[in-house]
Amino acid sequence: MSQHLPLLGHADLDAVFAYRPDGPVSVRAFLADVQALAALLPPGRHLLNVCQDRYRFTVGFAAGLISGKTSLQPSSQSAETLHQIRQDCPDVGCLCDGEFASQDLPRLDYPVTLPAVDATKITEIPLIAVEHVAARLFTSGSTGRPQPHDKHWGKLVANGRAEAERLGLLATRHSIVGTVPAQHSYGFESTVLLALHGNAPFWSGKPFYPQDIVAALEAVPAPRLLVSTPFHLSALIQSGLALPTIDQLLSATAPLSAKLAGEVEAACGAPLFEIYGSTESSQLASRRTTADPVWQLLAGVRLEQEEDITFAVGGHVEGRVGLSDIIELLPANRFLLHGRQADLVNIAGKRTSLAYLNHQIMAVEGVVDAAFFLPDDESADGITRLCAFVVAPTLNSRALLAALRPRVDAIFLPRPLVFVDALPRNTTGKLPRTELQALYAAKVSHD
């Protein structure tokens, strides 16, 4: 017999599920919207949900669930990605809430006003089979074609509850403001799943700029949890804006330096936690960066090692997933992270990682943003030369290299060091290698 779990973990249908610009939305009203939208969705077993509004995305996700659909959530919405999805899932339909080039996909634009469903007649929370493939997440494709990874409903529920337990949300209800897209694995897990099963209503918007983040925080009641990235957090504290009370912060998508973590905690007066994981494995562990470099696995998750490869298993992990990071296992379900396998740099027999180098350059006073880059091509003399792109309006090349020299071996000093106005980060704060390669081609290759 198939097992089922509820769509939401709430015991009270009148509890607040989300906050929108026109006010709070109860669980009962959310379920009414889900029921109304489900009747309008395009046919087919797959739903490409590109809604930018977090509430509309979640209504679409839930409407798809109760209709037996799988939510397709690519990290890129390019024409090439849509072509790939159409090839793999010929019955896919698209749900949008704004301008989107959906090509010839069957499409539903989220209605300004949904058909009326009497919320007072909503008395039960729908049940979903634990083995139903609820979502298909895609890797970024930075090293090739984006790879799909199916997530079953039972695992997603366990995922949300494990994170909520780690952050203390099951005991103390928090309002979430997220700066990351709902489609991205981190944004999906740490905003949508936490709202569905983590006792944490979210703000419907997706603020990007500091003033928008502050406005979103002011729009929801305390205690507040800000789900963000190092890029957004750095911009927020550098803005100098007065911040409303923030009770907890969460960061992922890129390494967070202890220096930035300390500055954010001092500015916000709240603890900042990092989440570790990947699209393939889902989230696996957390740490408070200013307190301890060691990561603590989430409930039920284990790590196993065979030769140089570490595998994640157990808990909400789907199967046995090989990790691309260099990991040192410690007792009591803890570990140290020593960078990504793909980040390793070997120059003249000396080894380091791009993650380490990025930490060092970001720690230099006056550096706003920076990234080392290892080009594919070698120089004419066959020697690998590291490049670094840096945003540092108050520094020049000589001063920055002088500050960097005590921090890294001379052989890893960037040649060239390229000053730019901004780095080509995407909406989650990541730096796709293709973007850095294009920046390198524009700024360096033709010099």
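These legends accompany close-up views of a predicted model.

**View 1. Here is the open sheet, with its six strands laid out in order.** The strand order reads β7-β6-β4-β5-β9-β10, and the pairing is mixed. Strands of a sheet pair through backbone hydrogen bonds, and they can do so in parallel or antiparallel fashion. Averaged over the sheet and with direction ignored, neighbouring strands are turned by 25° against each other.

**View 2. Now let us visit the edges of the sheet.** Which strands stand at the edges? They are β7 (107–109) and β10 (148–152), each with a single partner strand, so one side of each is left without a neighbour in the sheet.

**View 3. This close-up shows β6 and β7 side by side.** Strand β6 covers residues 93–96 and runs parallel to β7, with three bridges joining the two. If you would like a residue pair to look for, L95 has L108 in β7 as its bridge partner.

**View 4. Helix α4 packs on the sheet.** The helix spans residues 153–167 and touches both β9 (133–138) and β10. Between the direction of α4 and that of β10, the angle is about 80°.

**View 5. Finally, we look into a cavity.** Rolling a probe the size of a water molecule over the atoms shows where empty space is left. Searching the whole structure turns up one cavity of 30 Å³ or more, and the largest cavity holds about 30 Å³ of space. Which residues line the largest cavity? The lining is made of Q73, S75, L137, F138, Q183, H184, S185 and T279. Sorted by class, this lining has six polar residues, two nonpolar ones and no charged ones.

Notes. Residues are numbered from 1 along each chain as its sequence is written. This is a predicted model: local features need pLDDT of at least 70, side-chain atom pairs count only at pLDDT 80 or more; totals for chains, interfaces and linings use all residues. Side-chain values use heavy atoms; hydrogens and water are left out. Two strands pair if DSSP finds at least two bridges between them. Helices (H or I, at least four residues) and strands (E, at least two) are DSSP runs, numbered from the N terminus. Axes are lines fitted to C-alpha atoms, for helices over the stretch in contact, and angles run from 0 to 180 degrees between N-to-C directions. Contact means heavy atoms within 4.5 Å. On a 1 Å grid over the protein atoms alone, a cavity is a set of points where a 1.4 Å probe fits but cannot get out, and a pocket is an open set with protein on both sides within 12 Å along at least five of seven lines; lining residues have an atom within 4 Å of a point. Grid points are joined across faces, edges and corners, and a volume is the space filled by probe spheres set on the points. Ala, Val, Leu, Ile, Met, Phe, Trp, Tyr, Cys and Pro count as nonpolar, Asp, Glu, Lys and Arg as charged, and the others, Gly among them, as polar.
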